[in-house]
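Me: I would like to go through this structure with short questions, each answered by a value or a name. Please keep the reasoning brief.

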Amino acid sequence: MMNFQLVDAHKLKVMISEEEMEMRAITFAQLDYRSPRTKELLLTILTEARTQTGFDPRDTKLFIEVYPEPNGGCTLYFTELFHLEERMDYRSHQGVVYPLVFAFEDVNLMIDAAVNLFHRYSHRVHKSSLFHMGEDYMLILYPIAAADRQLMALMTEYGWLAGEGELYASYVREHGAPIVEDSAIDMISVYLS
């Protein structure tokens, strides 16, 4: 059985059970973007998602991630890239740099994001803080420049943009439990990579 969950208006999470994979005669190892069977499965998923959740990315480019599950199934994330570029274009005209708050539902995804960010783009981040809020990990980034598409694209591979601006960052600082303040990506990379 497939389980659909809208992460936000532009990102869909789909969990596929082992039974569903077996019924479609495909395994995680056989998933390949060049394979007709994979393309057929992705189209079926998107058609069902449109019916069940209203997620309809027909006019945008999609970034698709697939992760195996221990039970034999897999989890897929579909992220609309057009809206990400649209948001970044808008902010680049402002020329003002705001803190960006990214949310992660899993500690391992957050660690992977922080380590990759540190290795690739640490020179683009002035400071970073990590909080635990509810069931999510919230990473506040203070980019050096506005309209940093590479930073935004990297972070949304692992989590989602939960909010932006000082007001949202202050909300997270007030209601979240601090884990690392001011140098989160550096500390995570040094101790957890």
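Reply: The radius of gyration is taken over C-alpha atoms, and the globule rule is 2.2 Å times the number of residues to the power 0.38. The model is predicted.

Me: What radius of gyration does the protein chain have, against that of a compact globule with 193 residues?
Reply: For 193 residues, the rule puts a compact globule near 16 Å. The C-alpha trace spans about 50 × 35 × 30 Å along its principal axes. The chain agrees with the rule, because its radius of gyration is 18 Å.

Me: How many helices and strands does the protein chain have?
Reply: One of the strands is E4, covering residues 74-80. One of the helices is H7, covering 184-192. The secondary structure of the chain comes to 7 helices and 9 strands.

Me: What share of the residues of the protein chain counts as buried?
Reply: Buried means under 20% relative accessible area. The chain exposes about 10500 Å², of which carbon and sulfur atoms supply 53%. Of the 193 residues, the share that counts as buried is 42%.

Me: Among contacts between residues at least 6 apart in sequence, what percentage joins residues at least 24 apart?
Reply: A contact means heavy atoms within 4.5 Å. With pairs at least 6 apart in sequence as the base, those joining residues at least 24 apart come to 68%.

Me: How far apart are the mean positions of the positive and negative charges?
Reply: The protein chain has 16 positive and 29 negative charges. Taking the mean position of each set, the separation is 7 Å.

Me: Over which residues does pLDDT stay under 50?
Reply: The chain averages a pLDDT of 84, and 90% of the residues score at least 70. The stretch asked about has 17 contacts beyond four places in sequence in the model. Where pLDDT is low, the predicted coordinates should not be read in detail. The stretch with pLDDT under 50 is residues 84-94.

Me: Is leucine 141 buried or exposed, and what is its relative accessible area?
Reply: Leucine 141 sits in strand E7, residues 136-143. Its contacts, leaving out residues up to four places away in sequence, include Tyr98, Leu117, Val125, Leu151, Met155 and Ile185. The cut-off for buried is under 20%. Leucine 141 is therefore buried, with a relative accessible area of 0%.

Me: What distance separates the C-alpha atoms of leucine 141 and phenylalanine 102?
Reply: The two residues are 39 apart along the chain. Phe102 is also among the residues that leucine 141 touches. Their C-alpha atoms are separated by 7.9 Å.

Me: Is threonine 79 buried or exposed, and at what relative accessibility?
Reply: Threonine 79 belongs to strand E4. Beyond four places in sequence, the residues it touches include His10, Lys61, Phe63 and Thr156. Threonine 79 counts as buried because its relative accessibility is 7%.

Me: How far apart in space are tyrosine 33 and histidine 123, C-alpha to C-alpha?
Reply: Tyrosine 33 lies in the loop between H1 and H2. At 64% relative accessibility, tyrosine 33 counts as exposed, and beyond four places in sequence it is in contact with Thr38 and Lys39. Tyrosine 33 and histidine 123 are 90 residues apart in sequence, and in space their separation is 33 Å.

Me: Where is alanine 25, and what is its phi?
Reply: Alanine 25 is in the loop between helix H1 (18-23) and helix H2 (36-53). Alanine 25 is not a glycine, yet its phi is positive, at about 55 degrees.

Me: What is the phi of aspartate 182?
Reply: Aspartate 182 is placed in the loop between strand E9 (177-180) and helix H7. With a relative accessible area of 46%, aspartate 182 is partly exposed. Its phi is positive in a residue other than glycine, near 75 degrees.

Me: Which residues is serine 17 in contact with, leaving aside its neighbours within four places in sequence?
Reply: Serine 17 lies in the loop between strand E2 (11-16) and H1. Serine 17 is buried, with a relative accessible area of 15%. The C-alpha atoms of serine 17 and asparagine 71 are 7.7 Å apart. The contacts of serine 17 beyond four places in sequence are with Met1 and Gly73.

How values were computed
Residues numbered from 1 in each chain as written. Predicted model: local features only at pLDDT ≥ 70, side-chain atom pairs only at ≥ 80, totals over all residues. Heavy atoms only, no water. Helix = DSSP H or I, 4+ residues; strand = E, 2+ residues; numbered from the N terminus. Buried < 20%, exposed > 50% of the residue type's maximum accessible area, 1.4 Å probe, protein only. Areas by Shrake-Rupley, 256 points an atom, 1.4 Å probe, with all protein chains shown as cover. Lys, Arg positive; Asp, Glu negative; His and termini not counted. Charge placed at Lys NZ, Arg CZ, Asp CG, Glu CD. pLDDT = per-residue confidence, 0-100.
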